[in-house]
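Visitor: I have a model open at my bench and would like to understand the words used for it. Could you walk me through them?

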Amino acid sequence: MKENARFTGAKEKYAEWGVDVEAALARVKEIPVSVHCWQGDDVLGFEGAGALTGGIQTTGNYPGRATDPEQLMADIEKAFSLMPGKKRLNLHASYAILGGDAGKVDRDAYTYKYFEPWAAFAKKLGMDGIDFNPTFFAHPKMKDGLTISSPDEETRKFWVEHGKRSLEIAAELGKAFGKPCLVNIWAPDGMKDVPADRLGPRLRMAKSIDEMLEAWDRKWVIPAVESKVFGIGVESYTVGSSEFCQNYAASRGICCLLDNGHYHPTEVVSDKIPSMLAFRDKVALHVTRAVRWDSDHVVTFEDELKEIAKEIVRNDATDRVLIGLDYFDASINRLVAWVTGQRSMEKALLYALLLPHAALKKMQDEADFTRLMFAQEAVKMLPFADVWQEYLVRSGLKEDYYTELTDYEKKILKERS
C-alpha cells in the first residue's frame, strides 16, 4: 500500500535531525503500559463498598458505572480495543471475584482462585500480564485511619496477612503469564491532626511490610512501596511519606513507585526518575494528572507527561521503568476517560522516541547551551501528529474513539441506569 504523503514528509523532517521514525514506531508498540481496572467503576470493587474511605475520593455520578465483574470486563474489553500498544492489566485486591464465598472470606484469606477469571480474561485479550495491589482502604477493619501501622495488634496483623496473600496471588499471576507481577504496597495510614508520635507508626509500618515480604517470590513478584504527601482525612501526617518509602525500598532491595500526584506541587516526578535510576535497577510509576494535589485527573498530553516519557526514553530505561496508569473520573464517560489517558501515555512515549536525544546530550556535554536552547525549541515543531496518525493506522485504529464509545454508551451503559 502506498505510504501516506504526510507521513513520508514527516519521516524526512525527522531524518534531518538524525531520527529514525520507523525505529521509533517499532519500539513504542512494545513498551508495556499497565492500565488500571478501577477507572471503570470508581474504585469500588466487588466487595460491596458503597463509597471510598481511606484518604481517596472519586467525584461525579456519570451514568453507566460497571457494578459487577461481567460489566467491568465488558467495558475493559471495549476500551482496550481502542488503545494502541502493549497493555497489562492492573488489579486491586478488592476486585476479587468471590462467587459463593462472598461475605464468608475476608481480605486476609484471599487466594489466587478469586483472580483466576481475571487471568483468563487478560489472556483472552492478549495482554502482556497483570499487576496487583493489596487494598488497604475502604474496609471496616481500618481502625482510626490506620492499617499496617496500627498500634492495635489485631488490626495490624489482619492487614499484614492481607499483604502476604496479595504477594502469593501475584506470584501465581506472574507464573500464569511467564512475566513478573508488580505488587504495589500503598497504605493510606495517617492522621487528620498533628500527631504526638511520628516515629512509632513508621516503625510499625516497616515491621509490617517486612512481615509481608516473607511471602515474596523473587522470581515472579516485583514488590514496590508508594508514598504520598497527604489524603482526605489524613492531612497532617502520612505514615508512608516519600522519605519513608525511599529509605525502606533502598534498605530492603525492593522497588519505589512514584505517583506523580503524590508530591508537593513544586516537585516533578520527571526529575525523580533519573535520580532513582542512578541507584536502582527498576522504578515503578503511577501516571496521573494532579490538579493542585492528588486529584487523579485523566492523563492528558501535557508538559509533565512529556518530560516523564523523555526521562524514560533518553535514559534507555523502557525496560527498567514500569509504567502504570492511575486516574479515576466519574464526572465524564468512563471509557472515553480510559482511552484518553492511555493514548496520552502512548503519545508521550512516541514523542520522546522521536527526539534526537544523543545530539541534544552532546550539545549539553560540550556546553553549547545557545545551540541546545535553539534545538530544543526547534524540535517542538517537528510534524509529530503525522507520525502519531501513522501509528494509529498501523494499530488498526482511528483518531476518533469518541463516536464509537458514545454509541457504546447509548447501547450498553444507559441500559444499566
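Guide: Happily; here are some questions about helix packing and salt bridges. This is a predicted model, where local features need pLDDT of at least 70, side-chain atom pairs count only at pLDDT 80 or more, and totals for chains, interfaces and linings use all residues. Residues are numbered from 1 along each chain as its sequence is written, and side-chain values use heavy atoms, with hydrogens and water left out.

Visitor: Why are α2 and α13 called oblique to each other?

Guide: Helix α2 (residues 21–28) and helix α13 (residues 384–394) pack at about 50 degrees. Angles under 35 degrees count as roughly parallel, over 145 as roughly antiparallel, 65 to 115 as roughly perpendicular and the rest as oblique, so α2 and α13 are oblique.

Visitor: Which residues make that contact?

Guide: With contact meaning heavy atoms within 4.5 Å, V21, E22, L25 and V28 of α2 meet V387, E390, Y391 and R394 of α13.

Visitor: What makes E3 and K11 a salt bridge?

Guide: The term asks for a side-chain nitrogen of Lys or Arg within 4 Å of a carboxyl oxygen of Asp or Glu. For E3 and K11 the N to O distance is 3.2 Å, so the pair qualifies as a salt bridge.

Visitor: How do you know whether E3 is buried or exposed?

Guide: Buried means under 20% relative accessible area, exposed over 50%, and partly exposed in between (1.4 Å probe, protein chains only). E3 has 32%, so E3 counts as partly exposed. K11, at 23%, is therefore partly exposed too.

Visitor: What about E377 and K380?

Guide: Their closest N and O atoms are 2.7 Å apart, and the two form a salt bridge.

Notes:
Axes fitted to C-alpha atoms, helices over the stretch in contact; angles between N-to-C directions. Helix = DSSP H or I, 4+ residues; strand = E, 2+ residues; numbered from the N terminus.
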